Amino acid sequence: MEFIGFLQSFASPFLDSLMLFITNLGSEQVYIVLLVAIFLGVDARIGRRLGIFLLVSFYLNQQLKLLMDTPRPFVLDPTIARSQAAIDSAGGGAFPSGHAQGATTFYGLLAFYFRKRWLWWLAALMVFLLSISRLYLGVHWLIDVVGGVVIGTAVIGLTMLVDTFVTNALRIPWWVTLILGIAIPLALNIFLPSPESGLLTGAFSAYMTAPLLLEHRAPKPLWKRIILALLGVVLVFAFLFSSSLLLPEEFKRDPIGSFVRYLLLGYVGLLLTPWLARLVGLSEKQVARG
């Protein structure tokens with residue numbers, strides 16, 4: 001509490017707005033945009049791995065929140081929250097911080113895969129800013145953000161291990177991966193649910209299976225990459241908002257229904273968009289599986 005108090009000693013309306021803007025950079029909507037854009041317009045292979053391991057990290061984070069069930073600072077002292085918007089950005093238990101863990105996982109893996117020094121600096125900056133914003137806004141304890149960074153770093157280490165040893169050692173037929181890539185996440189959503197597990201498991205399944213059904217390679221011209229990424233983002237959010245309005249609440253809350261909804265959401269970005277891109281000549285035609 002003392003460290004939060006120290007940060008809030010510099011509080012001002014401008015700093016409140018700035019910190020809320022920074023914390024919103026760790027929202028699921030921002031990660032959806034980044035993941036879709038990287039998969040479609042930069043490198044599909046790297047984009048797929050980023051998606052898979054980021055979703056694993058977030059699912060692990062939510063399970064740990066349920067297990068630890070620690071109260072947030074504003075629960076113990078309501079005056080410490082800087083705004084209602086800050087409280088709205090805080091779901092579930094306090095430990096570990098999803099913003100800190102997500103930023104560590106995503107930006108760390110981004111730097112690891114693309115091997116650019118400036119990306120490592122970007123990763124460090126984003127982790128620091130998002131962590132500080134959560135503390136300043138009064139929605140996390142210091143141990144929450146430290147724990148999030150440590151767990152996110154462990155996920156990066158696991159990713160390196162899988163990429164270096166496991167992936168090369170295992171030669172699983174694509175159709176087996178297809179079946180398991182749907183069955184295992186669905187089972188997790190049914191038997192080990194969390195507040196956002198439908199999104200996490202459904203999207204994970206999409207990243208596991210969609211590239212097996214239709215291979216995608218980002219086009220070479222930069223303008224095609226930009227248009228393709230924008231097209232994917234527009235289609236994904238169009239499906240997200242329309243399904244939110246049109247689907248009954250019972251379906252969206254049902255473990256199978258929520259899984260199917262977000263599996264289809266993933267397929268819109270990872271399967272439908274590449275297919276449409278080939279039809280209009282935005283990307284190279286590859287041979288589809290099956």
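**Entry 1: R82 and its partner**

I began with R82, which at 29% relative accessibility counts as partly exposed in this predicted model. I then looked for an acidic partner and found that the side chain of R82 meets that of D16 in a salt bridge, with 3.0 Å from N to O. D16 sits in helix α2 (residues 13–24), whereas R82 belongs to the loop between α5 (73–76) and α6 (84–88), so the pair ties together parts that are 66 residues apart in sequence. On the acidic side of this pair I noted that D16 is buried, its relative accessible area being 18%.

**Entry 2: the other salt bridges**

How many salt bridges does the structure hold? I wrote down 4 salt bridges for the structure, and went on to look at those beyond the D16 pair.

E215 forms a salt bridge with R217, and the closest N and O atoms are 3.3 Å apart. Both ends are partly exposed, since I read a relative accessible area of 34% for E215 and 44% for R217.

E249 forms a salt bridge with R253, where the closest N and O atoms are 3.8 Å apart. These two residues are 4 residues apart in helix α13 (residues 249–253), which means that about one helical turn separates them. I recorded E249 as partly exposed at 42%, while R253 counts as exposed at 58% relative accessibility. I also noted that salt bridges with shared partners join E249, K252 and R253 into one network.

**Entry 3: helix α10 and what it packs against**

I next followed helix α10 (residues 174–191), whose 18 residues reach 26 Å from the first C-alpha to the last, close to the 26 Å expected at 1.5 Å a residue. Which residues of α10 are buried? I listed T177, L178, G181, P185 and N189, and the buried residues of this helix pack against α11 (197–213) and α14 (255–279). An α-helix has 3.6 residues a turn, so residues three or four places apart point the same way.

For the pairing with α11, I found that α10 and α11 pack at an angle of about 175 degrees, with their axes 9 Å apart. Because angles over 145 degrees count as roughly antiparallel, α10 is roughly antiparallel to α11. The contact draws on residues of α10 that include W174, I182 and L188, and on residues of α11 that include T201, F204, M208 and L212.

In α14 I looked at V260, which is partly exposed, with a relative accessible area of 32%. The C-alpha atoms of V260 and L199 are separated by 9.2 Å, although the two residues are 61 residues apart along the chain.

**Entry 4: the nonpolar core and S57**

The largest nonpolar core has 73 residues, and I noted that L50, F106 and Y107 touch the most other members. Leaving out residues up to four places away in sequence, Y107 touches Y31, L34, L122, A123 and M126.

I also checked a polar residue, S57, which lies in helix α4 (residues 44–68). Is S57 buried or exposed? S57 is buried, with a relative accessible area of 1%, and beyond its neighbours within four places in sequence it is in contact with Q101, T105 and V155.

**Entry 5: helix α8**

Helix α8 (residues 117–136) has 20 residues and spans 29 Å between its first and last C-alpha, close to the 28 Å expected at 1.5 Å a residue. Among its buried residues I listed A123 and M126, both of which Y107 touches. The buried set of α8 also includes V127, L130, S131, R134 and Y136. Just after α8, G138 takes a positive phi of about 80 degrees.

**Entry 6: backbone details in the loops**

Finally I went through the loops for backbone angles. The peptide bond from F95 to P96 is cis, with omega near -10 degrees, and P96 is found in the loop between α6 and α7 (98–114).

Which residue in the loop between α4 and α5 did I look up? I looked up D69 there, and noted a positive phi of about 50 degrees although D69 is not a glycine. D69 is exposed, with a relative accessible area of 60%.

R115, in the loop between α7 and α8, has a positive phi of about 55 degrees and is not a glycine either. I recorded R115 as exposed, at a relative accessible area of 61%.

How values were computed. Residues numbered from 1 in each chain as written. Predicted model: local features only at pLDDT ≥ 70, side-chain atom pairs only at ≥ 80, totals over all residues. Heavy atoms only, no water. Buried < 20%, exposed > 50% of the residue type's maximum accessible area, 1.4 Å probe, protein only. Contact = heavy atoms within 4.5 Å. Expected span 1.5 Å × (residues − 1). Core = buried A, V, L, I, M, F, W, Y, C linked by side-chain atoms within 4.5 Å. Axes fitted to C-alpha atoms, helices over the stretch in contact; angles between N-to-C directions. Parallel < 35°, antiparallel > 145°, perpendicular 65-115°, else oblique.
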